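Here are my comments on the model, set out as numbered points. Please read them with the coordinates open.

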Amino acid sequence: MKFIYDPYDIWSTEVLGRLKVSVTQGNFFSKLVLPFVGILELVIPISFRRLLNVKKHYFPHIESMCLPKDGGNKEILSFLKGSAIKVGSGVGWGLPFRWFSKNGVYSSNTPYVTNTPYVMEALIKESWPENDQALVNDLFQSTWGFLDSLKILHITDKELALSYAPIDEPLLVINANSYAALAYALHVKYGCDDVKEAAFERVTKLVNWVVNQQQDDGSWYYYADKDQGNFIDCFHSCFIIKNLLKVKALIPDVADHVDPVVKSGWSFLQNDFYDKKSGLCRRFVQRDIKDPFRWDLYDQAEYLGLLVDFGLYDEASRFAKHVEDIFKKGDNWYCKIDLFGRRWGKNFMRWGIVPFQYHKVRLTHALNEEATPCVA
């Protein structure tokens with residue numbers, strides 16, 4: 001465990017956070033100022049953070065991804081307990097800084113449905129120390145209260161869509177609801193007996209809603225609308241497919257419903273995001289805000305994960321080596337490549353680096369080789 005910088009941490013500061021929000025609201029002055037911030041961020045990211053007095057942080061879901069395959073230790077468990085955010089009758093996990101977005105301003109004390117399932121998956125690993133099992137189980141079961149605190153933004157007899165976090169939100173996020181489906185599916189498999197029936201019903205409705213948001217070409221937008229400002233990007237699309245596969249593994253009954261959309265979504269990713277010339281995945285097929293980055297490691301990480309999920313190990317091995325050659329220099333990883341071909345985001349571990357390492361370890365295990373867990 002160590003403290004790390006993050007691509008989004010500068011936007012947790014009051015001035016830059018408000019600037020970001022005002023840009024999304026169409027403020028003309030903010031649009032003029034933003035490029036100057038972008039230049040500083042591009043050219044001197046570390047010095048810029050020091051100038052802004054931005055602190056480094058731990059990330060609970062990243063630490064969870066870095067756990068060995070067979071379990072965790074007291075240090076990690078103590079961190080997960082200490083970083084758990086109480087909400088309603090339960091707990092969840094989020095980011096250690098404020099997040100400014102179109103959906104509102106989220107405090108650093110906000111748990112997210114996109115982060116919490118990673119911790120939940122870590123808590124169900126089998127080899128936690130025996131005398132810690134009660135605490136591990138209590139933490140996992142407490143996530144039910146967090147899920148109950150999410151706002152219902154859409155509900156019918158057959159569909160359900162929830163908020164990203166337990167606050168009022170104007171926009172529905174599709175990939176977030178695939179994470180909600182996964183979280184409830186984990187409770188179907190590992191939850192208390194008195195919640196399993198309700199969890200199964202919610203999984204079914206959440207999956208129905210996510211499936212019905214898929215476009216005819218196999219894609220998913222980020223938001224559940226087609227308004228200006230929406231986009232279709234690679235790694236969020238991968239999240240949806242990954243989570244649907246995990247739900248199917250936990251609840252095989254949904255296979256008939258999930259398999260066709262997973263097949264269609266995977267085909268879209270291969271045909272529209274994967275660029276054969278570069279050997280990398282494009283960031284967007286439809287975008288809103290432009291920035292100076294051409295390639296993002298997060299896209300490559302989640303695409304690698306799906307190659308492993310689909311058992312395409314030879315292709316995954318070639319892809320992983322190619323990505324590593326581009327995004328790693330010496331012992332240092334970089335999370336983005338800019339328009340000039342420069343590596344950016346040195347050891348900003350949350351943003352794609354740890355996810356890539358995580359899926360590479362999965363690939364190595366799948367090839368029956370020994371591997372050590374990634375270290376954030």
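**Notes on the predicted model**

A search of the whole structure, which is a predicted model, finds 21 salt bridges. The points below take up some of these pairs, then a buried acid, a buried serine, the backbone and the packing of the first helix.

1. Glu14 and Arg18. These two residues form a salt bridge, with their closest N and O atoms 2.9 Å apart. Both belong to helix H1, and because they are four residues apart, about one helical turn separates them. Glu14 counts as partly exposed at 39% relative accessibility, and Arg18 also counts as partly exposed, at 43%.

2. Lys196 and Asp193. Here the closest N and O atoms of the salt bridge are 3.9 Å apart. That value lies within the 4 Å cut-off, so the pair is counted. Both residues lie in helix H9 (residues 193–212), three residues apart, which is about one turn of the helix. Lys196 is partly exposed, with a relative accessible area of 27%, whereas Asp193 counts as exposed at 68%.

3. Lys321 and Asp325. In helix H13 (residues 313–327), these residues sit four positions apart, about one turn of the helix. Their side chains meet in a salt bridge at 3.3 Å, N to O. Lys321 counts as exposed at 54% relative accessibility, while Asp325, at 46%, counts as partly exposed. Elsewhere, Asp9, Glu41 and Arg49 are joined into one network by salt bridges that share partners.

4. Glu159. Which side chain of opposite charge is nearest to Glu159? It is Lys158, 9.3 Å away, and Glu159 has no salt bridge although it is buried. The distance to Lys158 exceeds the 4 Å limit for a salt bridge, so this pair does not qualify. The residue lies in the loop between strand E5 (152–155) and strand E6 (160–162). What the side chain of Glu159 does make is a polar contact with the side chain of Asn212, at 2.5 Å. Leaving aside neighbours within four places in sequence, Glu159 is in contact with His154, Lys205, Asn208, Trp209 and Asn212. I would like the text to describe this site explicitly.

5. Ser163. This serine is found in the loop between E6 and helix H8 (174–190). Is Ser163 buried or exposed? With a relative accessible area of 1%, Ser163 falls under the 20% cut-off and is therefore buried. Its side chain reaches the backbone nitrogen of Lys151 at 2.9 Å. A polar atom of the same Ser163 side chain also lies 2.6 Å from the backbone oxygen of Ala165. Not counting residues up to four places away in sequence, Ser163 touches Val113, Leu150, Lys151, Leu153 and Glu169.

6. Positive phi values. Most residues other than glycine have a negative phi. Asn53 is not a glycine, yet its phi is positive, near 60 degrees. Asn53 lies in the loop between H3 and helix H4 (60–65) and is exposed, with a relative accessible area of 51%. Asn347 likewise has a positive phi, of about 60 degrees, although it is not a glycine. Asn347 is found in the loop between strand E14 (343–346) and helix H14 (349–366), and counts as partly exposed at 23% relative accessibility. A glycine, Gly26, takes a positive phi of about 90 degrees just after H1.

7. Packing of H1. In helix H1 (residues 14–24), the buried residues are Leu16, Gly17, Leu19, Val21, Ser22 and Val23. What do the buried residues of H1 pack against? Their partners are helix H2 (28–43), helix H3 (45–51) and strand E3 (99–101).

8. Nonpolar surface patch. Phe36, Ile39, Leu40, Val43 and Ile44 form a nonpolar patch on the surface, and together they have about 470 Å² of accessible area. Ile44 lies in the loop between H2 and H3. Its relative accessible area is 36%, so Ile44 is partly exposed. The patch rule asks for over 30%, and Ile44 therefore passes it on accessibility.

Notes:
Residues are numbered from 1 along each chain as its sequence is written. This is a predicted model: local features need pLDDT of at least 70, side-chain atom pairs count only at pLDDT 80 or more; totals for chains, interfaces and linings use all residues. Side-chain values use heavy atoms; hydrogens and water are left out. Buried means under 20% relative accessible area, exposed over 50%, partly exposed in between (1.4 Å probe, protein chains only). Helices (H or I, at least four residues) and strands (E, at least two) are DSSP runs, numbered from the N terminus. Contact means heavy atoms within 4.5 Å. Patches are made of residues with over 30% relative accessible area and no salt bridge: like charges are joined within 9 Å, nonpolar side chains (Val, Leu, Ile, Met, Phe, Trp, Tyr) within 5 Å. Accessible areas come from the Shrake-Rupley method with a 1.4 Å probe; for residues, only the protein chains shown count as cover. Lys and Arg count as positive and Asp and Glu as negative; His and the chain ends are not counted. A polar contact is a pair of N or O atoms within 3.5 Å; within protein, one must be able to donate a hydrogen and the other to accept it, and residues adjacent in sequence count only if both atoms are side-chain atoms.
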